[in-house]
Each structure stands twice: as structure tokens, then as C-alpha cells.
Amino acid sequence: MSDRKDLIASLANELGDFVKIAEDALKEIEADLIGNKEKFSIFSEKMFTIRGAAQQLELPEIKEIAGLAEEIGIKAQLADKKPQIRKCVGALWDALTTVKYLLINHESETSEEQDILKNRLNKTLEALGGARETFSPDDIMKMLEDRDSDD
Amino acid sequence: MSLEKKFIKIIATMSVSGIKVLMVEDVNTVRTHLKEAMRAAGFEQFESASNGEEAKQKIEMDTYQLILADLIMSPTNGIELLDYIRAHPEYSKVAFVMVTADSTKENVATAVGKGVDDYLIKPLTPDAVNQRIMKALKKRKVI
């Protein structure tokens, strides 16, 4: 148990740098919503890293919130109206703040605020066209088997 | 565990203990966690790189039989690293397994099309190592 605590403490410490880069990207987008919207890709890349780490270490809340933020960042690059981009930035700031909190307090129970945030992130993502399509692990295994049987 | 299963496990452990693994992952804590899953299956030799570019430098300096790589990293992501490996015939016996949280259709299809030996979605577990990574190593005739 203490090993896991140490591991997660080490993760929180290490991910601090990734969070900082994501924060800087959001600040730059806020300063020029249209001119800097390509910086959403930097934000999304860092959210992907955090989601991947949370997925490997089985931290479901961080995984879910970082995953939604990652997808919003990907889709927000295609938004062309300032109010829409501003709305995305606002939601992503809240997501980032919550991820930071959860990295430190990973044992805290899911709060009503987190549920409200996830609902808001889901709605923001839906307005942008929804998340990218994914394959299940079984789909991937089948694709590999089909490919190898053709060889 | 039956005596037969114990015997099979000991043989499998012996056969992979000499395999040199390169883990390409940008979070050190995650690399540590991945190594734990690999150690449980008998792997003992690991090197690490935090992105594809660093991995290429290590591959040019040393010989690896297995590469485990995340997908989104910079500079040089997992797909670009896979491209590099498959473009060099001298690495044809290197098993390349993607271990990532990215299951988007576009990226999975690209990796499969470019010759990834397996594509595992995190978390990597000892079971996945025993079943899928062993299969990838057999496919490349490493074991």
C-alpha cells in the first residue's frame, strides 16, 4: 500500500511539469483566442500523457477528466468563433485545476463538483462534435489477427 | 498452481530473462510500473528512453529484442519510431509492441498497417505480458 502511495506521489511530482506546460498553453490561447488556437495541441498532448499515466496506475477519475480535456483540446483546434474557443478554455482550466487537485488527493471520493465538471466537459465536447472514434481491445486484437492471417 | 504449470512458468521465465527490452515512455513513474509487470513474467533486462528520438539513439548503440513504446511523445512519436524500425532490415527481428492509452481508430489502423507486432491498451498487466508480448516475441522468432 505504501509502495502504491509512493508511486502515486512520485507520479504527481513528475506530472507537475506536464501540468505547467498545459497551463502555459491555455494562457497563450487566452491571450489570442484565434491566433494561438493551435496551442490546444500542446495542451492535448500533455493531457494524453496524464491520462495514460492514470490509466496505467489505475486512477479512474484523473483518467476520465484528463481524457475529456484531451478530446476537447483536439476538437477546439477546429473551432473558428471566439465565444466557442473561450468556452473551451474556461472548461479546460476547470479540468486542469481538478486534475491537479486529484493528483495530490487521489484517495478522495468522487465529489458532486467533479460530477458537475464531467457533465460540463461532456457537453462542451458534444458541442464540438464529440470524441474521436476508438477501437476496443478486442477490435484491435481481431485487426491484428486478420492482418497476420493474410500474410 | 499445478506442477506442470509451475514447470511451464519456470521455462518461460528462463527463456525471457536474457531478452533486452527498450521501454519508450515519457513518464518515469509509468516506466517503473511497466517494468514491474514485465518482471513478473521473468524479464530482467531493461533500458529506457523518454521519447522516440532518444530511443533511436539507443537502438543504434545497442541491440534490443523487444521495444515497448507509447504512441504520443515528442520528439518522434511511437508511429515514427515504428516506421524507423521497420525501414531498417537489420531490425527485422525486433518485436515492436505499442503500449498506450490511445485507442483512436486512426492511430490504431496506422500502427497495424505499419507492422506493429501488437497494440496493447494500458494498463499493461502481467497477464498481457504473458499472453500477448510472448506471442509477439514468438512471431519475431526471438523465443
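Here are some short exercises, each with a worked solution, on a predicted model with chains A and B.

**Exercise 1. Work out what chain A is built from, and in which order.**

Start by counting elements: chain A has 6 helices and 0 strands. Next, read along the sequence, and you get the pattern α-α-α-α-α-α. Then look at the extent of the fold: along the principal axes, the C-alpha atoms of chain A take up a box of roughly 50 × 45 × 30 Å.

**Exercise 2. Find how much of chain A is buried, and what its exposed surface is made of.**

Take the residues to begin with: chain A has 151 of them, and 46% count as buried. Now turn to the surface. Chain A exposes about 7,900 Å², and carbon and sulfur atoms supply 50% of that area. Finish with the charges: there are 21 positive and 32 negative ones in chain A, and their mean positions lie 7 Å apart.

**Exercise 3. Decide whether Lys46(A) is buried or exposed, and list its contacts.**

First, place the residue: Lys46(A) sits in helix α2, which covers residues 40–56 of chain A. Second, check its relative accessible area, which is 12%. The cut-off for buried is under 20%, so Lys46(A) counts as buried. Third, look for its partners. Leaving aside residues up to four places away in sequence, Lys46(A) touches Phe18(A), Ile21(A) and Ala22(A).

**Exercise 4. Do the same for Ala9(A), then look for a residue far along the chain that comes close in space.**

Ala9(A) belongs to helix α1, residues 2–31 of chain A. Its relative accessibility is 46%. Partly exposed runs between the 20% and 50% cut-offs, so Ala9(A) falls into that class. Now for the partner: Ile104(A) is 95 residues away along the chain, yet the two C-alpha atoms are separated by 7.4 Å. For the wider picture, take the contacts in chain A between residues at least 6 apart in sequence: 75% of them join residues at least 24 apart.

**Exercise 5. Describe the interface of chain B and chain A.**

Begin with who takes part: 33 residues of chain B are in contact with 28 residues of chain A. Then get the area. Interface size is often given as the accessible area lost when the parts come together. Here, the area buried between chain B and chain A is about 2,700 Å², with carbon and sulfur atoms giving 62%. Last, check for salt bridges: the rule finds 2 across this interface. In one salt bridge, the side chains of Glu133(A) and Lys105(B) meet at 3.3 Å, N to O.

Key:
Residues are numbered from 1 along each chain as its sequence is written. Chains are lettered from A and ligands numbered from 1 in the order in which they are written. This is a predicted model: local features need pLDDT of at least 70, side-chain atom pairs count only at pLDDT 80 or more; totals for chains, interfaces and linings use all residues. Side-chain values use heavy atoms; hydrogens and water are left out. Helices (H or I, at least four residues) and strands (E, at least two) are DSSP runs, numbered from the N terminus. Buried means under 20% relative accessible area, exposed over 50%, partly exposed in between (1.4 Å probe, protein chains only). Contact means heavy atoms within 4.5 Å. Accessible areas come from the Shrake-Rupley method with a 1.4 Å probe; for residues, only the protein chains shown count as cover. Lys and Arg count as positive and Asp and Glu as negative; His and the chain ends are not counted. The place of a charge is taken as NZ of Lys, CZ of Arg, CG of Asp or CD of Glu. Buried area is the accessible area (1.4 Å probe) that two parts lose on being put together, summed over both. A salt bridge is a side-chain nitrogen of Lys or Arg within 4 Å of a carboxyl oxygen of Asp or Glu.
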